[in-house]
Amino acid sequence: MLREMRWKLVRYARLNTAKLRSTMMIGMLIMLTILYAYFNASDSMIVIDNDDVGSGNDMVLMKAKIYHDHVSSHFKGRKIVHLDLKGAPPRVNYYKYFFSIMSSLGVNGILMEYEDMFPYHGNLEVLKCQESYTTTDIQNILLWAKEYNLEIIPLVQTFGHLEFLLKHDKFSSLSELSDPRRAVCPSNNQSLIIVKQLIDQVMTLHPETTYFHIGGDEVYELAKCPKCKIRGLSREEIYTHHITAVYQFIKSKRPNVNILFWEDMIREWSAEKMQKLHQLVPMIWAYRRNLDDAFPTTMWKNYKKVFGKVWIASAFKGALAPDNDLVPVDYHVTNHKSWMKIIKAYNKDINFEGIAITGWSRFDHHQPLCELLPAGIPSLALCIGVLNFGDFNNILLQKISEDLKCDHNISTSFTFKFYIQEKCHFPGSKTFMIVSKWKVLYSHLMILRRYFLDPLSYQDYKDKQILKNPKKSVLQLKKRLRLFEIEATIILNEIYYPNTVREWVSTKMKVGQELLKFIQQTS
């Protein structure tokens, strides 16, 4: 009976997605699926193709200001937030909710790295993924951004990190190396032609942007192919020629656009070699905790001499490990504190025009998903707080926890023993909750694994209810894992497209099931 009711409701949801705006309907679906999961094991996942995330009580536009316009802000430049859409791109309607959060945080713009989510057409149509945005979607994103006074700054990789282009047989010949296919060969005339097409299509849909980011980072394969070697040019010269050609193309289309680029490839150059790129604006990125020795000793002196202004780039998620789930808030807050130390040291000599607070979704196109966007919002809010106030303390932590309507202060670090499930109320908070719930489930599995491997370790966790009756806890975890699969599928479906839901849920289930299998065999 439960099974029949469950599938009737799922079929109804697929056919009547608009009606799923009703919280009651979502509640009924969750209740029935949870009851079914409790009594019946199932290996299949539900993916409801619902394209409107307006359902659920956490989807309310944020109107109150968390940070007001700080005249006395310690960081005086512009603050933009980077979105990496090569992994877990949100459903288009989530942007209006996300932008309301950005506005409340005092953000000035969004650095959009579309990758295969952009609606490429013509010769480039093969690049867009199955769930890519449409032209109308992009126009809506720009419209919503404008309503919140956010500038959308496109980022198009034009040298390295072009896996999404080079993985296709149609464009594989452009790769510097046959393996890995990451960077285009700058000595292949077709490379620049295709790069120009990428830029042209993206620029056409962003007619009002005053900035354009051309990537340019981590071109590790630079000048390694035979075509590059026979040119008799240095790596610096080959890099400069390609980046300059890209710059000139954009300027021919939009003379007033400021062109940003990731500058890690030129950090160790002399000022004389950098001078040929002086018209660009370097974006200096570093995501480590401690930045005291992150840069060459001559870099700041050379940048002062060559560039009229610079941007910096920190991270609020996705920069620590390629398969992280829970955002290590303490790590990212410390990264921002370290950046504030650098700004204080060089502020008199260098014009820090802005900061991009990056949120990576994958380490590269072929890597697994790391932290989901809503799970990173508390981290983002705290990192912006550090930029505003110059430091981090319990007062700031309490303020953000209250403003995001969290049940308790946001956890800034994770340990198996002490982690408590997070529960907040902001647009997308149910996704944050489900990630937190996974971490609790995972920590319980790991505690049981440790217990059965070494029963003496029980003393370390003797206060844990899960170890009162370990054998019974194993059976309970098996049921909890089934329930989690269904609940996560439904909740993530509100913000993410089916492919992302499948990837994220199946990855967690594989980890959970493997741990459970090991525990059962060991016990």
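This report walks through aromatic ring pairs and charge-over-ring contacts in a predicted model.

## Ring pairs overall

Searching the whole structure turns up 24 aromatic pairs. One of them joins W438 and Y442, with ring centres 5.8 Å apart and 35° between the planes, which makes it tilted. Some of the pairing also goes beyond twosomes: Y94, Y95, F98, F99 and Y133 are tied into a cluster by ring pairs.

## W438 and its two partners

Let's stay with W438 for a bit. Its partner Y442 sits 4 residues away in helix α14, which spans residues 429-453, so about one helical turn separates the two. As for solvent, W438 has a relative accessible area of just 1%, and it counts as buried because that falls under the 20% cut-off.

W438 also pairs with F484: here the centres are 5.7 Å apart and the planes meet at 40°, so this pair is tilted too. This contact links distant parts of the chain, since W438 belongs to helix α14 while F484 belongs to helix α15 (residues 470-493), 46 residues apart. F484 is buried as well, at 3% relative accessible area.

## Arginines over rings

Which ring face does R267 lie over? That would be W285, with R267 at 5.4 Å from the ring centre.

There's another contact of this kind at R449, which lies over the face of F518, at 4.8 Å from the ring centre. R449 falls within the residue range of helix α14, 429-453, the helix that also holds W438 and Y442.

Note on methods
Residues are numbered from 1 along each chain as its sequence is written. This is a predicted model: local features need pLDDT of at least 70, side-chain atom pairs count only at pLDDT 80 or more; totals for chains, interfaces and linings use all residues. Side-chain values use heavy atoms; hydrogens and water are left out. Rings of Phe, Tyr and Trp (its six-membered ring) pair if their centres lie within 6.5 Å; planes under 30 degrees apart count as stacked, over 60 as edge-to-face and the rest as tilted. Buried means under 20% relative accessible area, exposed over 50%, partly exposed in between (1.4 Å probe, protein chains only). A charge sits over a ring if NZ of Lys or CZ of Arg is within 6 Å of the ring centre and within 35 degrees of the ring normal.
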